[in-house]
Each structure stands twice: as C-alpha cells, then as structure tokens.
Amino acid sequence: MLHDRVLVRTDIPEGERRSSGGIVIPATAAVGRRLAWAEVVAVGQSVRTVEPGDRVLYDPEDRAEVEVRGVAYVLMRERDLHAVAAERLEGAEDSTGLYL
C-alpha cells in the first residue's frame, strides 16, 4: 500500500438483502444514498487514523474496486473515510469507540 491509501473488505456482498422485518429487497431496487461499513485490511505508510482490523464508514459510490487472489476489495484514500470504529478507541475516558 502506498501513501494515504486504505484497502478495505466490505461487510455485505452486493445483491439482494433483507430488511429488519424479513422482506427481501432485490439488488435492482433503487435505494437512496447510503454509507457502508467495511473492515480495514491494509494501510499505506502515510495513514494516521486507521489501522488494519478497524471498521470504517465510507461512501460506496466513491470507490475503486480491486480483486486480489479472487477476493474483492475497495481501495480509497484516507480522506474519503467518514468514521472509524475501533476497539482500541474504547479504552479512553468518555469514549464510545467511534472516531468521527
């Protein structure tokens, strides 16, 4: 990984999904703009706020997909992340474990 790049693996696969009530939503259904969570796999040497294993919130429309050994990942810049959720942040006083 170079510079400020972050490589993440998405939490949910593309395609149909279920609502909390059990209704199946097809992949072709139009959904408003929605942010997605992903797990950080690797970071470049200039990345300061995230580490591998952290969960990050990002905009799925602003992404560059890459496939490595048959696994699909998303490559983005650190500045494109909206939030970071990490267990290492929970130890601090008055911390929710979420870094915005």
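A residue counts as buried when its relative accessible area is under 20%, as exposed when that area is over 50%, and as partly exposed in between. In this predicted model, E39 has a relative accessible area of 32%, so this residue falls in the partly exposed class. E39 makes a handy starting point, as several features of the fold can be picked up from there.

Take the salt bridges to begin with. The count comes to 2. One of them joins E39 to R9, and the closest N and O atoms of this pair are 3.7 Å apart. Since E39 sits in strand β4 and R9 in strand β1, the pair ties together parts of the chain that are 30 residues apart in sequence. R9, like its partner, is partly exposed, because its relative accessibility of 33% lies between the 20% and 50% limits. D4 and R5 also meet through their side chains in a salt bridge, here with 3.0 Å from N to O. R5 comes out as partly exposed too, at a relative accessible area of 26%.

R9 has further company. This residue belongs to strand β1, which covers residues 5–10. With neighbours within four places in sequence set aside, R9 is in contact with A38, E39, V41, A72 and Y73. Y73 is 64 residues away from R9 along the chain, and yet the C-alpha atoms of the two are separated by just 4.9 Å.

Back at E39, the trail leads on through the strand pairings. Strand β4 (residues 36–43) pairs with strand β5 (residues 55–58) in the antiparallel sense, over 4 bridges. Within that pairing, R55 of β5 is the bridge partner of E39. β5 also pairs with strand β8 (residues 81–85), again antiparallel and again over 4 bridges. In this second pairing, V56 stands opposite V84 of β8. As a general point, the side chains of a regular strand alternate between the two faces of the sheet.

The surface has a nonpolar spot as well. M1, V66, V68 and L75 make up a patch of about 280 Å² there. Of these residues, V68 has its place in strand β6, which takes in residues 64–68. V68 is partly exposed at 39% relative accessibility, and since patch members need over 30%, that value is enough for V68 to qualify on this criterion.

Notes
Residues numbered from 1 in each chain as written. Predicted model: local features only at pLDDT ≥ 70, side-chain atom pairs only at ≥ 80, totals over all residues. Heavy atoms only, no water. Helix = DSSP H or I, 4+ residues; strand = E, 2+ residues; numbered from the N terminus. Contact = heavy atoms within 4.5 Å. Pairing = 2+ DSSP bridges. Salt bridge = Lys/Arg side-chain N within 4 Å of Asp/Glu carboxyl O. Buried < 20%, exposed > 50% of the residue type's maximum accessible area, 1.4 Å probe, protein only. Patch = residues over 30% accessible without salt bridge, like charges linked within 9 Å, V, L, I, M, F, W, Y side chains within 5 Å. Areas by Shrake-Rupley, 256 points an atom, 1.4 Å probe, with all protein chains shown as cover.
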